[in-house]
Amino acid sequence: MWFSSDRQRIQRDIEVLAQFTSSPGQGVTRFSFTAEDRAAREYIKQQMAASHLQIREDAAGNVFGRRGGRRSDAPVVMIGSHFDSVKNGGAFDGPAGVVAGLEIARILDENQFITDYPFEFVAMIEEEGGRFGAGLFGSRAMAGKVFPTELQNLRDQDGVSVAEAMRGFGLEPANITSAIRPADQLKAFFELHIEQGPILENAKTAVGLVETVVGIDQWEIVVQGRPDHAGTTPMDMRADALVAAADIVQDLYRLGKQAGAGTVATVGKLQVWPGAGNIVPGTVVFSVDIRSAAAAKIQHISEALRAAVYDLPERYPGVITRIKPVLSVKPTALSETVLQIFEEEARACGITTQRMVSGAGHDAMIMAELTEVGLIFVPSRGGRSHCPEEWTDYEQLQKGIDLLLSAILRMAEFRKPD
Ligand code: HGY
Ligand code: MN
Ligand code: MN
């Protein structure tokens, strides 16, 4: 490869961004529209400015750095990922792809590479949904899939709505539709991400080329029973919301297991009110996350889940239930053209690759509704992610960035200087 990324700069970016957390010493917690978001965004903008990119933020809060091309009105080749995190997460989930864009922008700037098509480097927000519960927010805003009702109704654990948080951050939620990107403004979207699983490490493959991103159905379920004295209320007089909810949790687990390999179902968050040891649980609210590369399997589990929730009052008299859809994205096949560009470029520079399915959701699956998309993975140590132990060696990250740079130069029609 006649150019290469700079490992020190990559490491510095990851380490600086990891400092912007509300849980120091317990991994990275960086929710959207918070002080940690502000600090990370300012660093990203500073790095973009140093590479002479034209910087702007859209109405959703995504940060863009534009680098012109010979054809200034041509659709852009967009590169990036998200910079929010889960609670107590790791330093690489999201920032690996944002830093890949920052480092590529530096290389283009230093070498004065000129391409026919312009570039946009993007740092997206609220991909995890860690604060408000509905993820892929930054890419959904570009795809026109964020609706005013969501901004009013989704609230964080303090009851602050998305709209209130946006206003407090200097954004006007009423302008959200101005973040929409017409498909003809985009030539392609590329995302580098950590694998968050063990496949690449076990196979000793340097880069994963994602063919399909699993579909996701997410629900919120409310079970309303009756709070009572835990000592004086006989067992057959209770409407215990937690015992009833536990049935649904078990039902979901069985449905996920029965669906076979490649399909998963998870209850990751469950809250009990009033939440005291001497009170029979009155209300339980919990999350459901169903994923598969097979849309029919997701649909089967979601339908069985809804039936079980509707039947619950039969099994537990005095209990009432509510089920609310949070997110639904179909399994997404990514561009075969882009996959072949990655395979050709990888062969040319001796980087090992393998095609794979992504069990994690990514902004790339939403951007695929607008344009051709390439999503590549770099290995995760021990397959761990969404935890402070999340780790990728900088050499591994560097290989992914070098391959990504080769591919986007092809896509943007770069002509090597004579
Ligand atoms: O949930 C996911 O798959 C991603 O980490 N947002
Ligand atoms: Mn994640
Ligand atoms: Mn991610």
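Here are some notes on the metal site, the ligand and a few side chains of this predicted model.

1. Ground rules. Since the model is predicted, local features need pLDDT of at least 70 and side-chain atom pairs count only at pLDDT 80 or more, while totals for chains, interfaces and linings use all residues. Residues are numbered from 1 along each chain as written, chains are lettered from A and ligands numbered from 1 in the order written, and side-chain values use heavy atoms, with hydrogens and water left out.

2. The first manganese to look at is ligand 3. Its protein donors are H82 (NE2), D93 (OD) and H193 (NE2), at 2.1 to 2.2 Å. A donor here is an N, O or S atom within 2.8 Å of the metal (3.2 Å for Na, K and Ca); water is not among the atoms, so sites may look incomplete. Along the chain the donor residues run H-x10-D-x99-H. D93 sits in the loop between β3 (76-82) and α3 (95-110) and H193 in strand β5 (residues 186-194), so this pair ties together parts 100 residues apart in sequence. Helices (H or I, at least four residues) and strands (E, at least two) are DSSP runs numbered from the N terminus.

3. Now the other manganese, ligand 2. D93 (OD), E128 (OE, listed twice) and H386 (NE2) supply its protein donors, at 2.0 to 2.8 Å. The spacing reads D-x34-E-x257-H. D93 bridges ligand 2 and ligand 3, the two manganese ions being 3.4 Å apart. The pair of D93 and H386 links distant parts of the chain, 293 residues apart, with H386 in the loop between β16 (372-378) and α12 (394-411).

4. How covered are these donors? D93 is buried, with a relative accessible area of 5%, and H193 is buried too. H386 is partly exposed at 43%. The cut-offs are under 20% relative accessible area for buried, over 50% for exposed and in between for partly exposed (1.4 Å probe, protein chains only).

5. Ligand 1 has E127, E128, R291, A360, G361 and H386 around it, counting residues with a heavy atom within 4 Å. By class that shell has 1 nonpolar, 2 polar and 3 charged residues. (Ala, Val, Leu, Ile, Met, Phe, Trp, Tyr, Cys and Pro count as nonpolar, Asp, Glu, Lys and Arg as charged, and the others, Gly among them, as polar.) E128 and H386 are worth a second look, as both turn up among the donors of ligand 2 as well.

6. On atom pairs with ligand 1, polar side-chain atoms of E127 and E128 lie 2.9 Å and 3.0 Å from a nitrogen atom of the ligand. H386 places a polar side-chain atom 3.1 Å from a ligand oxygen atom. Taken alone, ligand 1 exposes 220 Å², and the protein buries 87% of that (Shrake-Rupley areas, 1.4 Å probe).

7. Aromatics: the structure holds 8 pairs. Rings of Phe, Tyr and Trp (its six-membered ring) pair if their centres lie within 6.5 Å; planes under 30 degrees apart are stacked, over 60 edge-to-face and the rest tilted. F33 and F132 have ring centres 6.4 Å apart and planes at 50°, so that pair is tilted. F33 lies in the loop between α1 (7-18) and α2 (35-50), F132 in the loop between β4 (119-124) and α4 (137-142), 99 residues apart. Both are buried, and ring pairs join them with F169 into a cluster.

8. Lastly, E220 is in strand β7 (residues 215-224) and counts as partly exposed at 29% relative accessibility. E220 and K269 are 49 residues apart in sequence and 9.6 Å apart in space, C-alpha to C-alpha.

How values were computed:
A polar contact is a pair of N or O atoms within 3.5 Å; within protein, one must be able to donate a hydrogen and the other to accept it, and residues adjacent in sequence count only if both atoms are side-chain atoms.
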